[in-house]
Amino acid sequence: MAEKIYSTKLQDKLERNIWGLIGMLAIVLSIAGIVEIVPLFVLDDTFEHNRHPEVVWQRQAGQTLNDWKPGDGVRPYKALELAGRDIYQREGCYLCHSQMVRPFRDEKERYGHYSLASESIYDHPFQWGSKRTGPDLARGGGKYSDDWHRKHLRAPRSMVPESVMPNYPWLDDAAVDVDRIQASMAAMRTLGVPYTDDDIAQGAQAVEGKTEMDALVAYLQVLGTMVKFQEGVDYRE
């Protein structure tokens, strides 16, 4: 004999009324979302650079993006890098590659220092990802040469025999859209990326004559190179 199932009158009504159930779920999920999200906008320690200002590049008046050196801190992407990031998203690279090293020993040993929230401060949208068909790319900049990346993008299995990544030979022949890059930089500025008028004005010249292969390689080579991590410093505390 089946056991008797006990439930409240409210539960019975919700289970028999699909719209009531949807409404209750919306209320519960909204409350849960507010509880988790709102504190991120008011806590000073959400971003590591609030306690460790060296994590973000302190750009001085008159400096251009070309004055930045690796390790100076997180900065906005240069025009060619931003174009490469757009191509990275267009080709769906984020579906197989994450850009977030989690704070676990095995990940640190394989990829390097765990990712900081501040490293994504100028990423709209961020590229953390949730699937690793291929390796994480958060610390990939400078690991291989430009030539290696070009060969790998043209024919991945020529460099990594077990790779399941598709070929991208057309990137060599496609020119970067000069007209679009300034619009992209202006759009990023509306989202809080501190591009100056000069940065945007010089964007078209920076990508003139460049291919999509050049742009994507430039983007891949800058990943993980912006912050110089100090030994023994826990950026989460």
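I started with Leu-216 and skipped its neighbours within four places in sequence; beyond those, Leu-216 is in contact with Gly-84, Ile-87, Tyr-88, Leu-153 and Leu-171. Contact here means heavy atoms within 4.5 Å.

A note to myself on the ground rules: this is a predicted model, where local features need pLDDT of at least 70 and side-chain atom pairs count only at pLDDT 80 or more, while totals for chains, interfaces and linings use all residues. Residues are numbered from 1 along each chain as its sequence is written, and side-chain values use heavy atoms, with hydrogens and water left out.

Next I looked up the largest nonpolar core (buried Ala, Val, Leu, Ile, Met, Phe, Trp, Tyr and Cys residues joined through side-chain atoms within 4.5 Å). It has 41 residues, and Tyr-77, Tyr-195 and Leu-216 touch the most other members. Helices H3 (79-90), H6 (178-190) and H9 (212-222) each supply at least two residues of this core. H9 gives the largest share, 7 residues. I took helices as DSSP runs of H or I, at least four residues, numbered from the N terminus.

Then I turned to the rings. I found 6 aromatic pairs (ring centres of Phe, Tyr or the six-membered ring of Trp within 6.5 Å). Phe-229 and Tyr-235 pair edge-to-face (planes over 60 degrees apart), at 5.7 Å centre to centre and 80° between the planes. Tyr-77, Tyr-88 and Tyr-219 form one aromatic cluster.

Is Tyr-235 buried or exposed? I noted it as buried (under 20% relative accessible area, 1.4 Å probe, protein chains only) because its relative accessibility is 1%. Phe-229, at 22%, counts as partly exposed (between 20% and 50%).

Conventions
Phe/Tyr/Trp six-rings, centres within 6.5 Å; stacked < 30°, edge-to-face > 60°.
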